[in-house]
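Thanks, everyone, for making the time. I would like to walk through one structure this morning, so please have the sequence and the model open as I go.

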Amino acid sequence: MLNKIAINSIYNVLGLGLPMIAAIFSIPALITELGEARFGLLAIIWSVVSYFGLLDLGLGRALTQFISSSRLRKRSVELKNFIGMAMYSLLFLGFFGGILMGLICFYSINLIKTIPNMPEARLASALIAISIPAIMISSGYRGILEAYHKFAIINLIRVPSGIWTFAGPLLVLKWWGNSLVFISIFLVLGRYLTNFFFAYFVKKTIHSYGFNRKIDLKNLKPLLTTGGWMTLSNLVSQFMGIIDRLLIGAIISASAVAFYVTPQEIVTKLLLVPGAVTLVLFPIFSAKFLSSKEIEILFVKSTKIIITIVFPAAFFIGIFSDEILNSWLNQNFAEHSALIMRIFTIGIVINSVAQVAFVLLQSAGLSKVTAIINIIQLPVFICILIFCAKRYGIEGAAYAWLLRLIIDAIMMFFALNRSFKNINNSYIFKVLILILTIMTVSYQFIGGSVLMLKLMFFGVFILTSSIVFFRYKTYFI
């Protein structure tokens with residue numbers, strides 16, 4: 001099983017990681033051509049589209065959970081009924097979500113300060129809402145393919161789709177000039193092409209029994225019960241992931257959003273590692289064929305592997321944040337965003353570990369618990385964020401973001417201990433505290449040093465870490 005998990009996780013890493021390479025090369029050119037303020041608006045559009053994609057009421061994830069358990073029990077008739085009802089529901093939610101997003105974007109875009117062309121911004125943000133139905137339907141198709149462990153196919157589609165998101169706007173700038181409206185049209189076209197290919201492979205995967213085309217509302221209740229709490233949890237979590245950008249734009253400026261979101265986009269790409277692993281773990285945990293001891297082993301091993309990969313990468317980005325931003329963008333970005341990037345790297349390590357606990361809770365039918373945890377955090381985070389952004393600027397907003405992730409991890413692991421008493425988290429907490437101490441102290445004394453001193457320090461760190469890793473390999477994998 002571990003080999004299968006590893007192979008599928010690699011597929012997911014490639015699917016999530018290759019578009020990141022496109023982003024690395026595309027974002028500097030987009031900032032140059034669009035300007036900091038207009039690029040900040042494009043970043044907000046990307047975020048809002050991702051957020052509205054969560055309005056599927058968790059039906060995509062619920063499909064994965066239900067199909068995983070039903071396949072084990074060979075309930076083909078139930079599968080046909082539930083898949084059919086879920087897809088009709090997603091189609092309805094797509095149209096509703098698209099109308100809602102278009103209205104909200106059109107009338108609330110004026111809250112963002114220093115937008116150079118307000119009519120263009122309104123039209124671009126409203127046009128992107130047309131992509132919401134395709135995003136909704138695609139989430140259902142993806143949920144079906146994940147339940148069948150078709151991760152190679154999923155990522156074969158995900159790679160060009162992700163590259164389109166970042167490279168597409170560059171093609172627009174080359175062919176049609178500096179227009180956010182044409183960029184929006186191009187992004188919408190990409191979403192519908194992605195949906196077409198998902199539909200094709202889903203049809204090939206479930207051709208043996210297909211799905212019921214009749215609308216039967218009794219099949220909707222169990223899906224909404226499971227998916228509703230998942231959606232609420234994910235909506236609140238995603239909302240907290242974009243509210244910082246919106247509030248920075250409203251409190252400070254659109255240019256400040258660019259200085260904040262650019263390092264965030266770089267660092268948060270490290271979440272592709274826990275994301276890749278947990279995507280594979282979710283249908284396995286949901287199938288409920290593992291013993292409690294096997295769940296503990298799989299949980300601990302997955303967490304160890306994620307820490308072993310994410311921590312060194314995040315630490316490298318944090319140590320060399322000045323050099324990365326200066327060489328990738330310019331000195332202005334390095335001066336404004338280097339400290340923010342270091343703060344983000346600490347938060348990403350914490351969040352990477354918490355994601356495994358989050359997925360285990362949801363796969364066990366405890367999505368209500370994760371939703372309550374996120375609901376408790378939301379008002380606290382918004383209040384702290386507003387205070388810190390007003391008083392300390394974008395650096396204060398970054399510290400508020402970090403504090404939220406620390407609280408989130410503590411609450412997730414507390415809930416996990418209450419629900420899975422056989423899982424011992426003490427080892428993970430000890431390692432996490434050690435890692436955070438190393439990062440914080442190193443950034444304090446080495447972060448602003450000259451490049452040669454940073455290289456020497458990081459070389460010593462890699463050498464020491466390698467010795468420890470190979471000497472105590474069983475503690476890490």
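**Inside helix 14 and around it**

Let me begin with Thr345, whose place is in helix 14, where helices (H or I, at least four residues) and strands (E, at least two) are DSSP runs numbered from the N terminus. Before going further, I should say that this is a predicted model, in which local features need pLDDT of at least 70 and side-chain atom pairs count only at pLDDT 80 or more, while totals for chains, interfaces and linings use all residues. Residues are numbered from 1 along each chain as its sequence is written, and side-chain values use heavy atoms, with hydrogens and water left out.

Is Thr345 buried or exposed? Thr345 is buried, with a relative accessible area of 0%; buried means under 20% relative accessible area, exposed over 50%, and partly exposed in between, computed with a 1.4 Å probe on protein chains only. Leaving aside neighbours within four places in sequence, Thr345 is in contact (heavy atoms within 4.5 Å) with Val267, Ala314, Ile317, Gly318, Met439 and Tyr443.

Met439 appears again in the largest nonpolar core, where it is among the residues with the most contacts, together with Phe39, Ile144, Tyr260 and Phe299. By a nonpolar core I mean a set of buried Ala, Val, Leu, Ile, Met, Phe, Trp, Tyr and Cys residues joined through side-chain atoms within 4.5 Å. This core has 140 residues, and the largest share of it, 19 residues, comes from helix 14, which spans residues 331–363. As for Ile144, if residues up to four places away in sequence are not counted, it touches Leu63, Ile67, Ile83, Met87, Val202 and Ile206.

Turning to the aromatic rings, a search of the whole structure finds 9 pairs, where rings of Phe, Tyr and Trp (its six-membered ring) pair if their centres lie within 6.5 Å, and planes under 30 degrees apart count as stacked, over 60 as edge-to-face and the rest as tilted. The rings of Phe316 and Phe320 have centres 4.9 Å apart and planes at 45°, so that pair is tilted. Phe316 counts as partly exposed at 37% relative accessibility, whereas Phe320, at 6%, counts as buried. The rings of Phe344 and Trp401, with centres 4.7 Å apart and planes at 80°, are edge-to-face. Because Phe344 lies in helix 14 and Trp401 in helix 15 (residues 367–419), the pair ties together parts that are 57 residues apart in sequence. Both Phe344 and Trp401 are buried, and with Tyr260 they form one aromatic cluster.

What about the packing of helix 5, residues 118–127, and helix 8, residues 180–205? They pack at an angle of about 5°, with their axes 8 Å apart; axes are lines fitted to C-alpha atoms, for helices over the stretch in contact, and angles run from 0 to 180 degrees between N-to-C directions. That makes helix 5 roughly parallel to helix 8, given that angles under 35 degrees count as roughly parallel, over 145 as roughly antiparallel, 65 to 115 as roughly perpendicular and the rest as oblique. Helix 5 contributes Glu120, Leu123, Ala124 and Leu127 to the contact, and helix 8 contributes Leu180, Val181, Ser184, Ile185 and Val188.

To close with the whole protein, there are 17 helices and 0 strands, and buried residues make up 55% of the 477 residues.
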